[in-house]
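User: Hey, got a minute to go through the ligand sites in this one with me? I'd like to talk about pockets too.

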Amino acid sequence: MVNIDVAVIGGGSAGMAAALSAKENGVENILILEQGNELGGILQQCIHNGFGLQVYNEELTGPSFAQKLIDEVNNNNIDYRLETTVISITKDKQITYVNEKEGYVSVKAKSIILACGCYERNRGAISIPGVRVKGIYTAGEAQKLLNIENILVGKRVFILGSGDIGLIMARRMMLEGAKVLGVAEIMPYSNGLMRNIVQCLKDFDIPLYLSHTIIDVQGKEHVEKITIGKVDKNKKLIKGTEKDFWVDTLLLAVGLIPETSLTQTAGIQLDAHTKGPLVNDRFETTVPGIYACGNALHVHDLVDFVTMESKLVGRFVAEDILSYTTTPNLINVFPLEGVNYVLPQRLNKDVKEKVTFYFRVNKPYKESKVEFLDGDRVIKSVKKKYMLPANMERITLKKDEINNISFDLKVRVSEI
Amino acid sequence: MIKELICIICPMGCHLQIEMDDMKNINLVTGNSCPRGEKYACKELIHPERILTSTVRIEGAIHPMLPVMTDKAVAKDKMFDVMKKLKEVRIKAPVKYEDIIIENVCDTGANIIASRSMDKYEKL
Ligand SMILES: Cc1cc2nc3c(=O)[nH]c(=O)nc-3n(C[C@H](O)[C@H](O)[C@H](O)COP(=O)(O)OP(=O)(O)OC[C@H]3O[C@@H](n4cnc5c(N)ncnc54)[C@H](O)[C@@H]3O)c2cc1C
Ligand code: SF4
């Protein structure tokens, strides 16, 4: 069996950034396995701009951002296989992949990095009422069909969910000649960036219905009509607020979930909140030597953060390969009031450097504080002017602050 | 006349009110929490501009479409003209990232450039 130092599963921004950083930190024998016919992952279909300000200091489109990473991968002679799907991984870090040229192949790696991205929640996941008809797509599917294949999925469109992918698609379909009749969001606030609300909806006079959801889908074979209605605080329909829209297409932009189908055979534990693997401060999953980063770990809004996180993970992997010390003593990290999830979920007893915590709040907060607690003792408090569930927050604790923790670490948010 | 805008420069998303006279001169901007909001309001009301991203047809490449963008912001009301122009374009691989596809598109002063490279591609 072929031996590899670091095998990276997924050649999107996360996989490429992790591989580049592992190489930069001294690992020679790296292999990226990518199921698509080119590197770049989801970025290749995100043709709008707005990426790259943090990493490259310029505003790039998704394909441009991918291009920069792909050029770096090629310049560094990092090995990759395209049209190659990983079908299983084991605890002992044996990887089985399949492609047309080689057939089924098993390789053995010292470390594995899971960078297989995420998938979109679809109709089944949110159980939309009404008949089963054609014409319902996730926003990402419609994006891929339009931007890569040149197929416009419909002419009269309604969008459920106000996440950024849905907003971006609203503008994109309008520019291509379709009519977008509205966007409905069940929450009383939008899940997208303000910039996208203004430039994708307001620029094209597309109405945004907050606190609204779809209550019916009708049509014979194809979607013909949808009905939305306003909901109260408990997400119950308010009678008499129903509105009908005659459409041929319904796009769903209702959330992303980390792709974890490979974690099971290796026995990797998942987190109920992020739906991705549980990791420690070095982004190692519950199986030693298997790491995760990017959207496969938790859903990111910005590729810049994916790239920065994955570069960090690439370095950790390289360091751990060169001198690995297991620390069986772990400190657990929990979200409390106001926090949807916090990552990493575990810390090694003696961390070697500062740790950045990533978390999301459960609703919009103005003038509030984020507190880190060891048992009942507040060890750090950070004031924030403005926090939204749509924006991932990041706060860094110093090495000393963490190494003095005696119980566990909890994070909570409250208004001041 | 009072116009309303949401500032998009930072996540605060301040709601701006802009007082304009009949000559469309801006007299007063309120609701902004910092000076950047005022600057944004002036720009956005007098001469709104956007970067436009889209695709053009390409032959002999890995995909049938090449992603492209304007190399600087163009007047918002020119967006549909530029889109129409893009529909007429047919190019052939190979293309390099940032190659100019259309110069001075629709007299906006902006060029249409390739968002990525696309090599010649033969399906095996
Ligand atoms: C539809 C959509 C639109 C988005 N739009 C934006 C946006 O506009 N701006 C923004 O900043 N962020 C956007 N994001 C977030 C975006 O995902 C991140 O910015 C970033 O690009 C994610 O990188 P990644 O490498 O983690 O995942 P991906 O780019 O998804 O890469 C994962 C890769 O793993 C491969 N893979 C998966 N399973 C296997 C397997 N078993 N074997 C081999 N290969 C496998 C996939 O083919 C894919 O190439 C979007 C996400 C989605 C889903
Ligand atoms: S006015 Fe200033 S603080 Fe308010 S959104 Fe604009 S940039 Fe942010």
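Analyst: Sure, we can take the ligands, then a pocket, then the domains; keep in mind that this is a predicted model.

User: Cool. Which residues are closest to ligand 1, and how many surround it?

Analyst: There are 35 residues around ligand 1, and the closest are A:A14, A:E34, A:H48, A:F51 and A:N295.

User: What polar atoms does A:N295 put by the ligand, side-chain or backbone?

Analyst: Side-chain: a polar side-chain atom of A:N295 is 2.4 Å from an oxygen atom of ligand 1. A:A14 comes in through its backbone, with a polar atom 2.9 Å from an oxygen of ligand 1. A:V303 also uses a backbone N or O atom, 3.0 Å from a ligand 1 oxygen.

User: And how much of ligand 1 does the protein bury?

Analyst: The protein buries 90% of the 980 Å² that ligand 1 exposes when taken alone.

User: Which elements give two or more residues to that shell?

Analyst: In chain A, those are α1 (13-24), β6 (85-89), α4 (139-147) and α8 (303-322). By class, the shell splits into 17 nonpolar, 16 polar and two charged residues.

User: Where does ligand 1 lie relative to the domains of chain A?

Analyst: Between them. Domain 1 (1-121 + 256-326) and domain 2 (122-254) of chain A both contribute shell residues, so ligand 1 lies between the two.

User: OK, switching to ligand 2. What's around that one?

Analyst: Chain B residues: B:C7, B:I9, B:C10, B:M12, B:G13, B:C14, B:N32, B:S33, B:C34, B:R36 and B:G37. That shell counts six nonpolar, four polar and one charged residues.

User: Now pockets. What volume does the second largest pocket have, and which residues lie nearest its centre?

Analyst: The second largest pocket holds about 940 Å³ of space. Its lining has 28 residues, with A:N37, A:L82, A:E83, B:I62 and B:Y121 nearest the centre.

User: Which element gives the largest share of that lining?

Analyst: α2(A), with four residues. α2 (62-75) and β5 (79-81) of chain A each supply at least two.

User: And how does the lining of that pocket divide by class?

Analyst: Into eight nonpolar, seven polar and 13 charged residues.

User: Last one: what domains does chain B have, and what distance separates their centres?

Analyst: The domain assignment gives domain 1 (2-46) and domain 2 (53-114) for chain B. Their centres, taken over C-alpha atoms, are separated by 32 Å.

Conventions. Residues are numbered from 1 along each chain as its sequence is written. Chains are lettered from A and ligands numbered from 1 in the order in which they are written. This is a predicted model: local features need pLDDT of at least 70, side-chain atom pairs count only at pLDDT 80 or more; totals for chains, interfaces and linings use all residues. Side-chain values use heavy atoms; hydrogens and water are left out. Domain bounds come from an automatic or database domain assignment. A residue is near a molecule or strand if one of its heavy atoms lies within 4 Å of it. A polar contact is a pair of N or O atoms within 3.5 Å; within protein, one must be able to donate a hydrogen and the other to accept it, and residues adjacent in sequence count only if both atoms are side-chain atoms. Accessible areas come from the Shrake-Rupley method with a 1.4 Å probe; for residues, only the protein chains shown count as cover. Ala, Val, Leu, Ile, Met, Phe, Trp, Tyr, Cys and Pro count as nonpolar, Asp, Glu, Lys and Arg as charged, and the others, Gly among them, as polar. On a 1 Å grid over the protein atoms alone, a cavity is a set of points where a 1.4 Å probe fits but cannot get out, and a pocket is an open set with protein on both sides within 12 Å along at least five of seven lines; lining residues have an atom within 4 Å of a point. Grid points are joined across faces, edges and corners, and a volume is the space filled by probe spheres set on the points.
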